[in-house]
Amino acid sequence: MSSLRSLIGPSILNADLADLAGESQRLLQSGADYLHLDVMDGHFVPNITFGAPVIKSLRQHLSHDVYFDVHMMVAEPERWIQDIAAAGGNRFAFHVESTDDPMRVIRGIKEAKMDVGIVVNPKTPVDKIFPYIGSVDMALIMTVEPGFGGQKFMTDMMPKVEILREKYPDLDIEVDGGLSPVNIDVAAKAGANCIVAGTSVVKSEDPRSVIETLRNSVNRWKRGGGQTS
Ligand code: DX5
Ligand code: ZN
């Protein structure tokens, strides 16, 4: 895992979305490596957030080197590839459960010149994405049921991360949902190297220290020198 980067990508879902650019700047100035943008359509998940128009506006406020990790919790992911690419998305992470032909979605994302993320819901076995790992840039293991921020981290998702890490030592593995300094060691020890954290960062008085704590844990476990606190 030592060649892997330790990346912290706050989710802005629970931020003040009326001040999305200001909140995003604050997170980046606090040391965020990338921004995790949660797109929800009210069909694939029981919530609606925002889509390409908002992402396009946000991109206009932030420098082009800010990496937008767009988490597409939508029923027809292919329908939105071009819009998200045009809006300035860097990675398009789609749910394996949302399509009958993941390879077709992967090809579409690559044609739109975005990185590819494939996402697994808590109820989906991790081996469902094995056939696609060779074609994607990142695998996201959901540690909450998608749809809302502020939920409790699902520790029982860690075997999925361990299996994936064991099988694919160089893969970027992202975890998303309920991550905080309290549970980061468990996720880092399992092998996650890309950490999405929303509430624990956004609602903190000191987001910089939360981000540092999360990154330090991944660094520690990546070298194999970690121990759960
Ligand atoms: C949930 C989203 C997550 C969530 C993370 O459906 O995919 O990105 O916003 O927020 P916290 O860290 O508060 O669970
Ligand atoms: Zn997300």
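**Exercise 1. Find how far an oxygen atom of ligand 1 is from an N or O atom in the side chain of His71, then look for further side chains that make such contacts.**

Step 1: In the His71 side chain, an N or O atom is 3.1 Å from an oxygen atom of ligand 1. Keep in mind that this is a predicted model.

Step 2: Compare with the cut-off for a polar contact, a pair of N or O atoms within 3.5 Å. Asp38 places a polar side-chain atom 2.8 Å from a ligand 1 oxygen, and for His36 the corresponding distance is 3.3 Å.

Step 3: Now turn to the cover. On its own, ligand 1 has 380 Å² of accessible area, and the protein covers 99% of that.

**Exercise 2. Describe the site: which pocket holds ligand 1, and which elements give two or more residues to its shell?**

Step 1: Ligand 1 is found in the largest pocket.

Step 2: Strand 2 (35-40) and strand 3 (68-73) are the elements that give two or more residues to the shell. Strand 2 provides the largest share, three residues.

Step 3: Sort the shell by type, and you get eight nonpolar, 10 polar and two charged residues.

Step 4: Of the 20 residues around the ligand, Gly147, Gly150, Asp176, Gly198 and Thr199 come nearest.

**Exercise 3. Why does the radius of gyration of the protein agree with a compact globule?**

Step 1: Start with the fold, which has eight helices and eight strands. The C-alpha trace spans about 45 × 40 × 30 Å along its principal axes.

Step 2: A compact globule of 229 residues would have a radius of gyration near 17 Å; the protein has 16 Å, so the two agree.

Note on methods: Residues numbered from 1 in each chain as written. Chains lettered and ligands numbered in written order. Predicted model: local features only at pLDDT ≥ 70, side-chain atom pairs only at ≥ 80, totals over all residues. Heavy atoms only, no water. Near = heavy atom within 4 Å. Polar contact = N/O pair within 3.5 Å; in protein donor to acceptor, adjacent residues only side chain to side chain. Areas by Shrake-Rupley, 256 points an atom, 1.4 Å probe, with all protein chains shown as cover. 1 Å grid on protein atoms, 1.4 Å probe; cavity = no way out; pocket = protein on both sides within 12 Å on 5 of 7 lines; lining within 4 Å. Sits in = over half its atoms within 2 Å of the grid points. Helix = DSSP H or I, 4+ residues; strand = E, 2+ residues; numbered from the N terminus. Nonpolar A, V, L, I, M, F, W, Y, C, P; charged D, E, K, R; others polar. Rg over C-alpha atoms; globule rule 2.2 N^0.38 Å.
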